[in-house]
Amino acid sequence: MSNRTFPEYKPVQISDGFWAIEQNGVRCWLFEGDDMALLVDAGFGGDLKSVVQTLTDKPVQLILTHADMDHIGAAWQFGPVMMHPAEFSYYEMRNGRLPETIPVWEGETIDIGRYCFEIILISGHTPGSVALLEKNHRFIITGDTVGKEPVYMFGNGRNMPAYLAAIRKLKGIKSDFDVILASHGKMNIEPEFLTQLCLLASEICFGKLPQPQPAPAHMPESVKVYKKGDAAFYLESK
Ligand SMILES: [Zn+2]
């Protein structure tokens, strides 16, 4: 695994004890607390641990927003992994053997002192996708569920009706955050964008699909982009 060459991890400091770590189109997040640091996602792979060690000398706990391969690449470097149990079988299906895990459940909080995160289950993009809500600093990390790049909604494990329910759930708590932090594309997304995602997802659920547009050439031929305003999904065309 470690013999492959991966794109470089590039940390960008957002505020005190808070970094985005960019890697060729995907980002993970690092938060330094009083006695420990929390790493959210682990990119495509490569030496993430060394990069993290340049930013904090605290012990690092990894939590996964979900188990797509661009979020778990370097997960093996960080010991037992926090993950929602609804993601376990998806992890195995996509990536083989499940690593040692620490289950995290809806409503649990991860308090590291300077930052305190509430876990919110947002199934749909994957079965056990979670969001991390930080009410004091008024932001939420949503993995791939919210983004201004098309959200991948084709293939095993994707579920559009569940996704719609997840977006409605996020809309229902949007008074708790001022910004959504996305893993791909534009980093800071305004909470109002959830309305656009909700509209497009519900139209798709009720069979009112917009005219499909071509997906990039590297994607399967059956996959198309379904777009309305800034909201977009990659879906299998029927
Ligand atoms: Zn991703």
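**Exercise 1.** Which residue is the bridge partner of W29 in strand 4?

*Solution.* A quick word on the model before we start: it's predicted, so local features need pLDDT of at least 70, side-chain atom pairs count only at pLDDT 80 or more, and totals for chains, interfaces and linings use all residues. Residue numbers start from 1 along each chain as its sequence is written.

Step one: find the strands. Strand 3 covers residues 26-32 and strand 4 covers residues 37-40. Strands here are DSSP runs (E, at least two residues), numbered from the N terminus, while helices are H or I runs of at least four residues.

Step two: check the pairing. Two strands pair if DSSP finds at least two bridges between them, and strands 3 and 4 have 4 bridges in the antiparallel sense.

Step three: read off the partner. W29 bridges to V40.

**Exercise 2.** Place these strands in their sheet, and name its edges.

*Solution.* Start with the order: the sheet is open, has 7 strands running 1-2-3-4-5-6-7, and its pairing is mixed. Next, look for strands that pair on one side only: those are strand 1 (10-15) and strand 7 (101-103). Finally, the twist: neighbouring strands are turned by 25 degrees against each other on average, direction ignored. For that angle, axes are lines fitted to C-alpha atoms (for helices, over the stretch in contact), and angles run from 0 to 180 degrees between N-to-C directions.

**Exercise 3.** Trace the strands from strand 15 to strand 17.

*Solution.* First, strand 15 (residues 213-214) joins strand 16 (residues 223-228) through 2 antiparallel bridges; Q213 is matched with V225 there. Then strand 16 runs antiparallel to strand 17 (residues 231-236), with 6 bridges, and K224 has L235 as its partner. Last comes the turn: 2 residues sit between strands 16 and 17 in this hairpin, and G229 takes a positive phi near 60 degrees.

**Exercise 4.** Which residues have the most contacts inside the largest nonpolar core?

*Solution.* Set the rules first. A residue is buried if 20 or more other C-beta atoms lie within 10 Å of its own, exposed if 12 or fewer, and partly exposed in between, with C-beta atoms placed from the backbone. A nonpolar core links buried Ala, Val, Leu, Ile, Met, Phe, Trp, Tyr and Cys residues through C-beta atoms within 7 Å.

Now the list: the core has 67 residues, and L39, L62, L64, A131 and I140 have the most contacts inside it.

Zoom in on L62. Skipping neighbours within four places in sequence, L62 is in contact (C-beta atoms, placed from the backbone, within 7 Å) with L39, A42, A75, F78, V81 and M82.

Conventions:
Contact = placed C-beta atoms within 7 Å.
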